[in-house]
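Here's a walk through a two-chain model, going from the interface to the rings and the charged pairs. Have the viewer open as you read.

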2 protein chains.
Amino acid sequence: MVTKLEGAVNCLVTVFHKYSLASGHYHTLSKDKFRKLLETEIPEVLKNPKDPKTVEKILKEVDSNKDGMINFEEFLFLATRLLVDAHDATHE
Amino acid sequence: MVTKLEGAVNCLVTVFHKYSLASGHYHTLSKDKFRKLLETEIPEVLKNPKDPKTVEKILKEVDSNKDGMINFEEFLFLATRLLVDAHDATHE
């Protein structure tokens, strides 16, 4: 039986692969697929998900090795930011 | 509608609070409740979840401010390790 924590961890890996596989790179997301992930998975969080500048800004922050692609560790940087924000929101 | 990514993020926050509330500290886990979380939520990952040394070892690694309690950021350090391991496992 998969526990809640294991289920959430597996779900985050699955979400990443849903978009990385779609960009043909099992290990990384293309900029386009990263935009798709943001628009689809966290529309609420993005002030204006359809605004290219919003995506560019987040891409710049997340793409730490500056290769124009998002690998899993870089995706985790985004996920960790979302987790901190979600946790803070529960204490407001 | 909550997306998969949002659902997984909320689930991780809920798991943390399930054990932090049980230790009466909304923001932190006591050592005992951290042990309970490990035993219940990631029994597979722990070589021997019932071995106090296993828990002590992980607690030492995760408790970065050395206060004997686990706050949410320290919990995220554990969650990130689990995420990296889970992702690596999909590429084996």
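## The interface

Start with a count that comes out empty: there are zero salt bridges between chain A and chain B. Keep in mind that this is a predicted model. Polar contacts are another matter, since the rule picks up eight residue pairs across the interface of chain A and chain B, both partners at pLDDT 80 or more. On the chain A side, helices α1 (4-22), α2 (31-41) and α4 (72-90) each put in at least two of the residues that touch chain B. The largest share there, 12 residues, belongs to α1(A). Sorted by type, the side of chain A that touches chain B has 19 nonpolar, nine polar and five charged residues.

How much area do chain A and chain B bury between them? The figure is about 3,000 Å², and 78% of it sits on carbon and sulfur atoms. Of the area that chain A buries against chain B, A:Leu5, A:Leu83 and A:His87 supply 22%, more than any other three residues. As for head count, 33 residues from chain A and 33 residues from chain B take part in the contact.

## Aromatic rings

Over all chains, the structure holds six aromatic pairs. Take B:Phe16 and B:Phe72: their ring centres are 5.2 Å apart and the planes meet at 80°, so this pair is edge-to-face. B:Phe16 sits in helix α1 (residues 4-22) of chain B and B:Phe72 in helix α4 (residues 72-90) of chain B, so the pair ties together parts that are 56 residues apart in sequence. Both B:Phe16 and B:Phe72 are buried.

B:Phe72 also pairs with B:Phe75, and here the centres are 5.9 Å apart with the planes at 40°, so the pair is tilted. Why are B:Phe72 and B:Phe75 separated by about one helical turn? Because they are three residues apart in helix α4 of chain B. Relative accessible area is 1% for B:Phe72, which makes that residue buried, and B:Phe75 is buried too, at 0%. Over in chain A, A:Phe16, A:Phe72 and A:Phe75 form one aromatic cluster.

## Salt bridges

The total over all chains is 10 salt bridges. One of them joins the side chains of A:Lys18 and A:Glu41, at 3.7 Å from N to O. With A:Lys18 in helix α1 of chain A and A:Glu41 in helix α2 of chain A, the pair ties together parts that are 23 residues apart in sequence. Is A:Glu41 buried or exposed? Buried, because its relative accessible area is 3%, and the cut-off for buried is under 20%.

In chain B, the side chains of B:Lys31 and B:Glu56 meet in a salt bridge at 3.1 Å, N to O. This one links distant parts of the chain, with B:Lys31 in helix α2 (residues 31-41) of chain B and B:Glu56 in helix α3 of chain B, 25 residues apart. B:Lys31 is partly exposed at 35% relative accessible area, and B:Glu56 is partly exposed at 34%. Another salt bridge pairs the side chains of B:Glu61 and B:Lys57, at 3.4 Å from N to O. Those two are four residues apart in helix α3 of chain B, so about one helical turn separates B:Glu61 and B:Lys57. B:Glu61 is partly exposed, with a relative accessible area of 34%, while B:Lys57 counts as exposed at 55%. In chain A, a network of salt bridges links A:Lys57, A:Glu61 and A:Arg81.

## A few single residues

Helix α3 of chain B offers a pair of sequence neighbours to look at. B:Thr54, in α3 (residues 52-62), is buried at 17% relative accessible area, whereas B:Lys53 is exposed at 65%. Not counting residues up to four places away in sequence, B:Thr54 touches B:Leu46 and B:Asn48. The C-alpha atoms of B:Lys53 and B:Glu41 are separated by 18 Å, with their positions 12 residues apart along the chain.

Finally, A:Val2 is in the segment before α1 of chain A. A:Val2 is exposed, with a relative accessible area of 52%. Leaving aside neighbours within four places in sequence, A:Val2 is in contact with A:Gly7 and A:Asn10. From A:Val2 to A:Leu38, 36 residues apart along the chain, the C-alpha separation is 27 Å.

Key
Residues are numbered from 1 along each chain as its sequence is written. Chains are lettered from A and ligands numbered from 1 in the order in which they are written. This is a predicted model: local features need pLDDT of at least 70, side-chain atom pairs count only at pLDDT 80 or more; totals for chains, interfaces and linings use all residues. Side-chain values use heavy atoms; hydrogens and water are left out. Buried means under 20% relative accessible area, exposed over 50%, partly exposed in between (1.4 Å probe, protein chains only). Contact means heavy atoms within 4.5 Å. Buried area is the accessible area (1.4 Å probe) that two parts lose on being put together, summed over both. A salt bridge is a side-chain nitrogen of Lys or Arg within 4 Å of a carboxyl oxygen of Asp or Glu. A polar contact is a pair of N or O atoms within 3.5 Å; within protein, one must be able to donate a hydrogen and the other to accept it, and residues adjacent in sequence count only if both atoms are side-chain atoms. Ala, Val, Leu, Ile, Met, Phe, Trp, Tyr, Cys and Pro count as nonpolar, Asp, Glu, Lys and Arg as charged, and the others, Gly among them, as polar. Rings of Phe, Tyr and Trp (its six-membered ring) pair if their centres lie within 6.5 Å; planes under 30 degrees apart count as stacked, over 60 as edge-to-face and the rest as tilted.
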